[in-house]
Amino acid sequence: MHSRLTHLMRSAALASLLAAAPAWADSYKGPTPPAVYTQECGSCHLAFPPNLLPKASWQRVMNGLDKHYGSDASLDAATQKQIDTWLQTHGGQGKRALEEPPQDRITRSAWFGRKHREVSAATFKRAAIKSPANCTACHRDAAQGDFEDDRVRIPK
Ligand code: HEC
Ligand code: HEC
């Protein structure tokens, strides 16, 4: 009786968790971003999907935009707040947002390492690529959330 009740309660909790997880949570595409995100966070690199980092990582990234990986990516207060709120709403959802990777880099997370196990450090440094963070160098349609392995082209 007791264990059956516990089981029922667990199933109910699980069901509500599943219902709460948005369809995009485990995808590489993420939710459709507002224009402000694509414009302000997609001008120097891919506007990274928010579900690829946990909320705490996004928070640190947004709190340090004046010293952003060697760049100044500062925004006016209103725009910063708008993007921050969006990232705190949609970040941290799905299986790739469970760990806080070093330097809050998607490219330092375990899943990224596994998926790119066959790409050498030297390849990532090629002139046409420069960095693992330059997703679109190899995944041409990354901005559309397309990372299909049969469409990967590594520039020479
Ligand atoms: C002025 C250019 C610029 C703008 C604007 C910019 N970034 Fe960046 N961002 C960079 C650079 C440079 C790096 C480091 C890339 C590298 O290591 O190759 C970076 C790296 C990142 C990384 C880590 C990538 C990784 O996994 O290695 C995240 C996350 C990130 N940016 C988020 C944002 C967000 C969110 C915004 C908008 C608020 C933003 N960026 C706007 C220049 C910019
Ligand atoms: C040097 C080229 C290169 C760069 C830069 C690169 N990737 Fe990849 N990516 C690859 C290769 C090669 C594979 C593995 C394809 C295979 O398994 O056949 C891959 C696989 C993936 C996969 C797995 C796709 C699948 O169907 O399993 C994802 C997701 C992905 N990359 C995301 C990213 C993201 C996000 C970035 C930028 C933060 C990035 N990649 C940067 C080359 C690159």
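Which residue's side chain meets that of Asp-66 in a salt bridge? The side chain of Lys-67 does so, with a distance of 3.7 Å from N to O. The exercises below continue in this way, and they all concern a predicted model.

**Exercise 1. Describe the overall make-up of the protein chain, beginning with its helices and strands.**

Solution. Start with the elements: the protein chain has seven helices and zero strands, and from the N terminus on they run α-α-α-α-α-α-α. Next, turn to burial, where 31% of the 156 residues of the protein chain count as buried. Finally, consider the contacts between residues with a separation of 6 or more, of which 60% are made by residues 24 or more positions apart.

**Exercise 2. Find the protein donors of the iron atom of ligand 1, and work out which parts of the chain they tie together.**

Solution. The first step is to name the donors, which are the NE2 atoms of His-45 and His-68, lying 1.9 to 2.0 Å from the iron atom. The second step is to place them: His-45 belongs to the loop between α2 (35-41) and α3 (55-63), while His-68 belongs to the loop between α3 and α4 (77-90), so the pair ties together parts that are 23 residues apart in sequence. The third step is the geometry, and here the angles among the six donor atoms run from 88 to 179 degrees, the site being octahedral. The last step is burial, for which the cut-off is needed: a residue is buried under 20% relative accessible area and exposed over 50%, and partly exposed in between. His-68, at 15% relative accessibility, therefore counts as buried, whereas His-45, at 29%, counts as partly exposed.

**Exercise 3. Carry out the corresponding steps for the iron atom of ligand 2.**

Solution. This iron atom is coordinated by His-116 and His-139, in each case through NE2, at 1.9 to 2.0 Å. The site is octahedral, with angles of 88 to 179 degrees among its six donor atoms. As for position, His-116 lies in the loop between α5 and α6 (121-124) and His-139 in the segment after α7 (135-138), so this pair ties together parts that are 23 residues apart in sequence. Both His-116 and His-139 are buried.

**Exercise 4. Check the span of α4, and then decide where its buried residues lie around the helix.**

Solution. Begin with the span: at 1.5 Å a residue, the 14 residues of α4 should span 20 Å, and the end C-alpha atoms are 20 Å apart, which agrees. Then list the buried residues of α4, which are Thr-79, Ile-83, Asp-84, Trp-86, Leu-87 and His-90. Seen down the helix axis, these buried residues fall within an arc of 165 degrees, so they line one face of α4. The cover over them includes α2 and α3. On the other side of α4, by contrast, Ala-77, Ala-78 and Lys-81 are exposed. Just after this helix, Gly-92 takes a positive phi of about 70 degrees.

**Exercise 5. Follow the salt bridges, and find out what Arg-60 is linked to.**

Solution. Side chains of opposite charge can pair when their charged atoms come close. In this model the count comes to four salt bridges. One of them joins the side chains of Glu-100 and Arg-60 at 2.8 Å, N to O. This pair links distant parts of the chain, since Glu-100 is in the loop between α4 and α5 (110-115) and Arg-60 is in helix α3, 40 residues apart. Glu-100 is partly exposed, with a relative accessible area of 47%, and Arg-60 is partly exposed as well, at 41%.

The next step is to widen the view, because Arg-60, Glu-100 and Asp-104 are linked in a network of salt bridges. Arg-60 and Asp-104 are 44 residues apart in sequence, and their C-alpha atoms are 7.8 Å apart in space. Leaving out residues up to four places away in sequence, Arg-60 touches Glu-100 and Asp-104.

**Exercise 6. Compare the burial of the partners in two further salt bridges.**

Solution. In the pair of Lys-67 and Asp-66, Lys-67 counts as exposed at 68% relative accessibility, whereas Asp-66 counts as partly exposed at 44%. The side chains of Asp-146 and Arg-151 also meet in a salt bridge, at 2.8 Å from N to O. Here Asp-146 is buried, with a relative accessible area of 17%, while Arg-151 is partly exposed, with 43%.

How values were computed: Residues numbered from 1 in each chain as written. Chains lettered and ligands numbered in written order. Predicted model: local features only at pLDDT ≥ 70, side-chain atom pairs only at ≥ 80, totals over all residues. Heavy atoms only, no water. Donors = N, O, S within 2.8 Å, 3.2 Å for Na, K, Ca; no water. Tetrahedral: all angles 85-135°; square planar, octahedral: opposite > 155°, others 65-115°. Helix = DSSP H or I, 4+ residues; strand = E, 2+ residues; numbered from the N terminus. Buried < 20%, exposed > 50% of the residue type's maximum accessible area, 1.4 Å probe, protein only. Expected span 1.5 Å × (residues − 1). Arc of directions from axis to C-beta. Contact = heavy atoms within 4.5 Å.
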